[in-house]
Structure formats: C-alpha cells, structure tokens
Amino acid sequence: MTNLAHADLDKTTVTKAYDRWAPVYDLVFGAVFERGREAAIAAAERVGGRILEVGVGTGISLPHYSRECRLCGIDISEQMLRKAQDRVTEFGLNNVEGLWVMDAEHLSFPDDSFDVVVAQYVITTAPNPEATLDEFARVLKPGGEIILVSRVGAEAGVRRTLEHLLQPAVRKLGWRTEFSFARYARWAERTNGVSLVERRAMPPLGHFSLIRFAKAGGADDVRPSPSVESSAAA
Ligand SMILES: C[S@@+](CC[C@H](N)C(=O)[O-])C[C@H]1O[C@@H](n2cnc3c(N)ncnc32)[C@H](O)[C@@H]1O
C-alpha cells in the first residue's frame, strides 16, 4: 500500500467540515486531545517568544500558554475562529496579537516571523502536508522550533488495514487516517536547515505523536541527537 496522493483532501471539504464541527468541537475533542496539547504548549514555552498556532481552531489552547508568550492564530474555518475570538475575549487574553482566517499552506507572514510554529492535530487535515510544512519553516526564525501533535498511521498490521479501509469515510469529516511517520522524516531530510529533534508517543492509545523540528541558525545552535521513541512507530 502506498501513501495517499497529495490532493486526497481538498480545502473546501476541510473548511466545511470544521465549520460544521465548530459548535461541538470542544465537547467532542476537548478532553481527548488534552495531553497532546499540554505537551505541545510545554515544548513551545521552553522556546518562548512569538508563537504562531496554525489551525488554532476554537482557541482551546490559548488560555493555557504563559502570558509571557505572544500568540498569533490562524485557521481556515471562520466558524472555528469565531469561537477562538470569543475565548480571547472571555479570558482577557491580551497576549494574543491576532487571529486570522488563513490557509496554512499560504501564510501571509514574512519570512522568519516566529520563534515557534505550533500545529496540533492539523497537518493530517492539510491537503498538501509537505507544502504546509515548508511554509512553517519559512515563517520560523533561525533557531526556532516547529512543534506538531499529529496522528501517525500504523506502518503494518491490523491497524494499518483498518486505517486504509476507514480512509474514504473519514475524508468527509476532514481527516486522514493514513499518514506515515516516514513522510515527516523524509520532509526533514530534504529541507535545508531543518532537523527532527523529538518524536514522543501521545494518547489516545499512542496513535498520536509530539514531533519537534528545529531550524538551524540560532545563537545557541548545538543540539543533542534526536530523541525518537521507537515504540511510537507501532
Ligand atoms: C482537528 S482541528 C484541531 C484544532 C486545535 N488545534 C486543537 O488542538 O483542537 C484541525 C484544525 O485545523 C484547521 N485547518 C485544517 N486545514 C487547514 C489549513 N489548510 N489551514 C488552516 N487551518 C486548517 C481546521 O479548520 C481545524 O480548526
């Protein structure tokens, strides 16, 4: 079995799907993804500075960042972003610089704008994941980090077969079930100045991973070897 073709999800389907999810998103996906979000926020805060949350959705993460961090959020779904704006108002989040309807694959920010780009549960919903990661690397400052929480498809076995069978149905919901870690590894290998620094299994069921990439060129550029858990490859 091969990886899905690049255009297996289209932006209209994804936007409509998340516009429909918006009223119930927090109820359905709030608790289940909480641990992954906590891990991503902790990793982002270790770098600090100006942080871009791509696919910020209903803004569920925003109140959990230190107020020292300056936050920008983008999402392709206006309905999700309306919820995020309500949250910013409700919590008085004056460290949020702005929220924009924007496509992750075509970010309207100059090069080297952010210390961290965070995308939680987003890349596997993007029609062109590798082009989207290219944009993350472009807007990231030298020495910054891309921090993802992402579903990682099984490489083999029963779960692999199930994911393949489920893919046509879940596409309508704006998701991919099949997405191998090899795609992330290949992207880092072919992207100048970007290296994989961590992969850590995340609940539920370890089917998700926290994945960190570093962009070379920062003042403190001596990095340890990647911390990649082999157990996460299941
Ligand atoms: C599964 S939700 C994750 C939301 C949030 N990050 C969280 O932790 O719950 C995926 C989000 O990514 C957004 N999204 C999907 N494709 C996108 C794209 N190409 N550009 C910007 N946002 C996108 C969706 O609208 C949705 O809000």
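Good morning. The protein exposes about 10700 Å², and carbon and sulfur atoms supply 55% of that area. Please keep in mind throughout that this is a predicted model.

Let me continue with the protein as a whole. Buried residues make up 54% of its 234 residues. The chain forms 7 helices and 8 strands. How are the contacts spread along the sequence? Of the contacts with a separation of 6 or more, 72% are accounted for by residues 24 or more positions apart.

I turn now to a pair of helices. Helix α5 covers residues 129–139, and helix α7 covers residues 181–190. Their axes come within 11 Å and cross at roughly 45°. How should we describe the orientation of α5 and α7? An angle between 35 and 65 degrees is neither roughly parallel nor roughly perpendicular, and α5 and α7 are therefore oblique to each other. The crossing in which α5 passes α7 is right-handed.

Which residues make this contact? From α5 come Pro129, Glu130, Leu133, Asp134 and Ala137, and from α7 come Arg183, Tyr184, Trp187 and Arg190. Sorted by character, the residues of this contact are 5 nonpolar and 4 charged, with no polar ones.

Next, I would like to look at two buried residues, beginning with Arg87. Arg87 sits in helix α4, which runs over residues 78–91. Is Arg87 buried or exposed? The cut-off for buried is under 20% relative accessible area; Arg87 has 17%, so Arg87 is buried. What does Arg87 touch, once its neighbours within four places in sequence are left aside? Arg87 is then in contact with Asp26, Thr58, Gly59, Ile60, Pro63 and Leu93.

The second buried residue is Ser77, found in the loop between β2, residues 70–75, and α4. With a relative accessible area of 0%, Ser77 is under the same cut-off and is therefore buried. Leaving aside the neighbours within four places in sequence, Ser77 is in contact with Thr15, Tyr18 and Asp19. Consider also Met102, which is 25 residues from Ser77 along the chain. The C-alpha atoms of Ser77 and Met102 are separated by 8.4 Å.

I come now to the backbone, where three places deserve a look. Which peptide bond is cis? It is the bond from Pro203 to Pro204, with omega near 0°. Pro204 belongs to the loop between β6, residues 194–202, and β7, residues 208–215.

The other two places concern the angle phi. Asp112 has a phi near 55°, a positive value in a residue other than glycine. Asp112 lies in the loop that joins β3, residues 96–101, and β4, residues 114–120. How accessible is Asp112? Its relative accessibility is 37%, and because partly exposed covers the range between 20% and 50%, Asp112 counts as partly exposed.

Tyr121 likewise has a positive phi, near 60°, and is a residue other than glycine. Where is Tyr121 placed? Tyr121 is in the loop between β4 and α5. Its relative accessibility is 12%, which is under 20%, so Tyr121 counts as buried.

Let me close by returning to the structure on the screen. When you look at it again, please find helices α5 and α7, which cross at roughly 45°, and then the cis peptide bond from Pro203 to Pro204. Thank you for your attention.

Terms used. Residues are numbered from 1 along each chain as its sequence is written. This is a predicted model: local features need pLDDT of at least 70, side-chain atom pairs count only at pLDDT 80 or more; totals for chains, interfaces and linings use all residues. Side-chain values use heavy atoms; hydrogens and water are left out. Helices (H or I, at least four residues) and strands (E, at least two) are DSSP runs, numbered from the N terminus. Buried means under 20% relative accessible area, exposed over 50%, partly exposed in between (1.4 Å probe, protein chains only). Contact means heavy atoms within 4.5 Å. Accessible areas come from the Shrake-Rupley method with a 1.4 Å probe; for residues, only the protein chains shown count as cover. Axes are lines fitted to C-alpha atoms, for helices over the stretch in contact, and angles run from 0 to 180 degrees between N-to-C directions. Angles under 35 degrees count as roughly parallel, over 145 as roughly antiparallel, 65 to 115 as roughly perpendicular and the rest as oblique. A crossing is left-handed if the near helix is turned anticlockwise from the far one by less than a right angle, and right-handed if clockwise. Ala, Val, Leu, Ile, Met, Phe, Trp, Tyr, Cys and Pro count as nonpolar, Asp, Glu, Lys and Arg as charged, and the others, Gly among them, as polar.
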